[in-house]
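User: Can you walk me through this one? I'll ask as I go.
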Amino acid sequence: MISYAAKVGQDLVGFVACGPADNYKEGFRDEDTGKLLYHFDEIGPNSAYITAREVRPSLQNRGIGETLFDLFAEEAKRRGYSSVSGHARENASIHTVRKHNPQIEIHCPDYWGTGETYVFYKLLL
């Protein structure tokens, strides 16, 4: 597990967390068909999967999320991961990822029944 947190004083204002993608694969498997959902089969070996990434809404668009993502990507590469994958909402979350030129970017409408479109992405490190 790799995680970073951003604080202002004692207040948590943002975080990013991930682990080996293989640890999360079964959670993306359709119970009826056995097929991997939301393009999880695109991840490949030796990839880190971002499980959570958030910045307090009142502090977004100030570079906090980008700094956390950069620190995380550097640490993932240092630990030997060859890529980073995740699902991000089609908002500021995906804009941070796009600054790193993802090799794969696939839209997933109504992600887990939320009514929102998320984007599956994969970045080579």
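User: Leaving aside its neighbours within four places in sequence, which residues is Arg-53 in contact with?
Analyst: Beyond that window, Arg-53 touches Phe-15, Val-16, Phe-69, Ala-88, Ser-93, Ile-94, Thr-96, Val-97 and Tyr-121. Contact means heavy atoms within 4.5 Å. Some ground rules. This is a predicted model, where local features need pLDDT of at least 70, side-chain atom pairs count only at pLDDT 80 or more, and totals for chains, interfaces and linings use all residues. Residues are numbered from 1 along each chain as its sequence is written, and side-chain values use heavy atoms, with hydrogens and water left out.

User: Where does Arg-53 lie?
Analyst: In strand 3, residues 47–55. Strands (E, at least two residues) and helices (H or I, at least four) are DSSP runs, numbered from the N terminus.

User: Which side chain of opposite charge is nearest to Arg-53?
Analyst: Glu-54, at 8.7 Å. Arg-53 is buried yet has no salt bridge. Buried means under 20% relative accessible area, exposed over 50%, partly exposed in between (1.4 Å probe, protein chains only). A salt bridge needs a side-chain nitrogen of Lys or Arg within 4 Å of a carboxyl oxygen of Asp or Glu. For charge, Lys and Arg count as positive, Asp and Glu as negative; His and the chain ends are not counted.

User: How many salt bridges are there, then?
Analyst: Seven by that rule. One of them pairs Arg-78 with Glu-75, closest N and O atoms 2.6 Å apart. Both sit in helix 1 (residues 64–78), three residues apart, about one turn of the helix.

User: Arg-78 and Glu-75: buried or exposed?
Analyst: Arg-78 is exposed at 62% relative accessibility. Glu-75 is buried at 13%.

User: What about Glu-105 and Arg-98?
Analyst: Their side chains meet in a salt bridge, 2.6 Å from N to O. Glu-105 is partly exposed at 32%, and Arg-98 is partly exposed at 27%. Elsewhere, salt bridges with shared partners join Glu-75, Arg-78 and Arg-79 into one network.

User: Switching to aromatics. How many aromatic pairs?
Analyst: The structure holds 10. Rings of Phe, Tyr and Trp (its six-membered ring) pair if their centres lie within 6.5 Å; planes under 30 degrees apart count as stacked, over 60 as edge-to-face, the rest as tilted. Phe-28 and Phe-40 are stacked, because their centres are 4.4 Å apart and their planes meet at 20°. Both are in the loop between strand 2 and strand 3, 12 residues apart.

User: Why does Phe-40 count as buried?
Analyst: Because its relative accessibility is 2%. Phe-40 also pairs with Tyr-49: centres 5.1 Å apart, planes at 55°, so tilted. Tyr-49 is buried too, like Phe-40.

User: Which residues form the aromatic cluster?
Analyst: Tyr-24, Phe-28, Tyr-38, Phe-40, Tyr-49, Tyr-111, Trp-112 and Tyr-118.

User: Now pockets. What volume does the second largest pocket have?
Analyst: About 250 Å³. It has 13 lining residues, and the closest to its centre are Thr-51, Ala-52, Arg-53, His-87 and Tyr-118. A pocket here is an open set of points on a 1 Å grid over the protein atoms alone, where a 1.4 Å probe fits, with protein on both sides within 12 Å along at least five of seven lines; lining residues have an atom within 4 Å of a point. Points are joined across faces, edges and corners, and the volume is the space filled by probe spheres set on them.

User: Which strand gives the largest share of that lining?
Analyst: Strand 3, with six residues. Strand 3, strand 4 (83–89) and strand 6 (118–124) each supply at least two.
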